[in-house]
Amino acid sequence: QGYSSAASDVYKRQEYFHGAIIEGTHNPLLISFNANLTEAMREYRLHSFSVPGNPGHAVGPHEDILSALRLHNPELAAAYMVTHIQSSLSDMQRIL
């Protein structure tokens, strides 16, 4: 299925963001899991980022997470991650 270049761009940026976070853990199991999950989720994410409003549900939380990591505040980063996951689940439920 053809997706807009905007959806593809958001997908590529979020894939890079998630990959960088996971690589930073230096956890081989998590890195391997992410590699498998990324490919499995590709079609869903491209579809999700084609829905108006959904790209912002990823971009804003990613900025919050990155800010917390730059502050070396793992508790705040974890809280932002939980909020992001909950928002992503809501998006999934609306799409599926």
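Start by selecting Arg 94, which is exposed because its relative accessibility of 55% is over the 50% mark. Keep in mind as you go that this is a predicted model. Now add Asp 91 to the selection: the side chains of Arg 94 and Asp 91 meet in a salt bridge, with 2.2 Å from N to O. Both residues belong to helix H4 and sit 3 residues apart, about one turn of the helix. The two partners differ in their surroundings, though. Asp 91 has a relative accessible area of 5%, so it is buried, whereas Arg 94 is exposed.

**The other salt bridge**

How many salt bridges does the structure hold? There are 2, so your next stop is easy to choose. Select Arg 13 and Asp 9, whose closest N and O atoms are 3.1 Å apart in a salt bridge. This pair lies in helix H1, and the spacing is 4 residues, about one turn of the helix. Colour by accessibility here and you should find Arg 13 partly exposed, at 43%. Asp 9 is partly exposed as well, with a relative accessible area of 38%.

**The second largest pocket**

Leave Arg 13 selected, since Arg 13 is one of the residues lining the second largest pocket. To show more of that lining, add Val 10, Gln 14, Phe 17 and Ile 21, then His 62, Glu 63 and Leu 66, which are among the residues listed for it. The volume of this pocket is about 240 Å³. Which helices each supply at least two residues of the lining? They are H1 and H3, and H1 gives the most, with 7 residues. If you colour the lining by class, expect 8 nonpolar, 2 polar and 2 charged residues.

**The largest pocket**

Next, move to the largest pocket, which holds about 700 Å³ of space. Its lining takes in 27 residues, and those nearest the centre are His 18, Arg 45, His 84, Ile 85 and Ser 88. Selecting these five is a handy way to centre your view. Then show the helices as ribbons: H1 (5-25), H2 (28-48), H3 (54-70) and H4 (74-95) each give two or more residues to this lining. Which helix gives the most? It is H2, with 8 residues. By class, the lining divides into 15 nonpolar, 10 polar and 2 charged residues.

Two of the residues nearest the pocket centre deserve a closer look. Pick His 84 in helix H4. Is His 84 buried or exposed? It is buried, because its relative accessible area is 9%, and the cut-off for buried is under 20%. Expand the selection around His 84 to see its contacts beyond four places in sequence: His 18, His 57, Ala 58, Pro 61, His 62 and Ile 65.

Ser 88 is also in helix H4. At 27% relative accessibility, Ser 88 is partly exposed. Draw a distance from the C-alpha atom of Ser 88 to that of Ala 58: the separation is 7.7 Å, although the two residues are 30 residues apart along the chain.

**A buried asparagine**

Now jump to Asn 34, found in helix H2. Its relative accessibility is 13%, so Asn 34 counts as buried. What does Asn 34 touch, residues up to four places away in sequence aside? Its contacts are Gly 19 and Ile 22.

**Two loops**

Finish with the loops, and have your Ramachandran plot at hand. Select His 26, in the loop between H1 and H2. Phi of His 26 is near 60°, a positive value in a residue other than glycine. His 26 counts as exposed, at 66% relative accessibility.

For the other loop, select His 72, placed between H3 and H4. What is phi for His 72? It is positive, about 55°, although His 72 is not a glycine. This histidine is exposed too, with 71% relative accessibility.

Your last stop is Asn 73, also in the loop between H3 and H4. Asn 73 is partly exposed, at 28% relative accessibility. Show its side chain together with the backbone of Leu 76: a polar atom of the Asn 73 side chain lies 3.0 Å from the backbone nitrogen of Leu 76.

Definitions and conventions: Residues numbered from 1 in each chain as written. Predicted model: local features only at pLDDT ≥ 70, side-chain atom pairs only at ≥ 80, totals over all residues. Heavy atoms only, no water. 1 Å grid on protein atoms, 1.4 Å probe; cavity = no way out; pocket = protein on both sides within 12 Å on 5 of 7 lines; lining within 4 Å. Points joined across faces, edges and corners; volume = space filled by probe spheres on them. Nonpolar A, V, L, I, M, F, W, Y, C, P; charged D, E, K, R; others polar. Buried < 20%, exposed > 50% of the residue type's maximum accessible area, 1.4 Å probe, protein only. Polar contact = N/O pair within 3.5 Å; in protein donor to acceptor, adjacent residues only side chain to side chain. Contact = heavy atoms within 4.5 Å. Salt bridge = Lys/Arg side-chain N within 4 Å of Asp/Glu carboxyl O.
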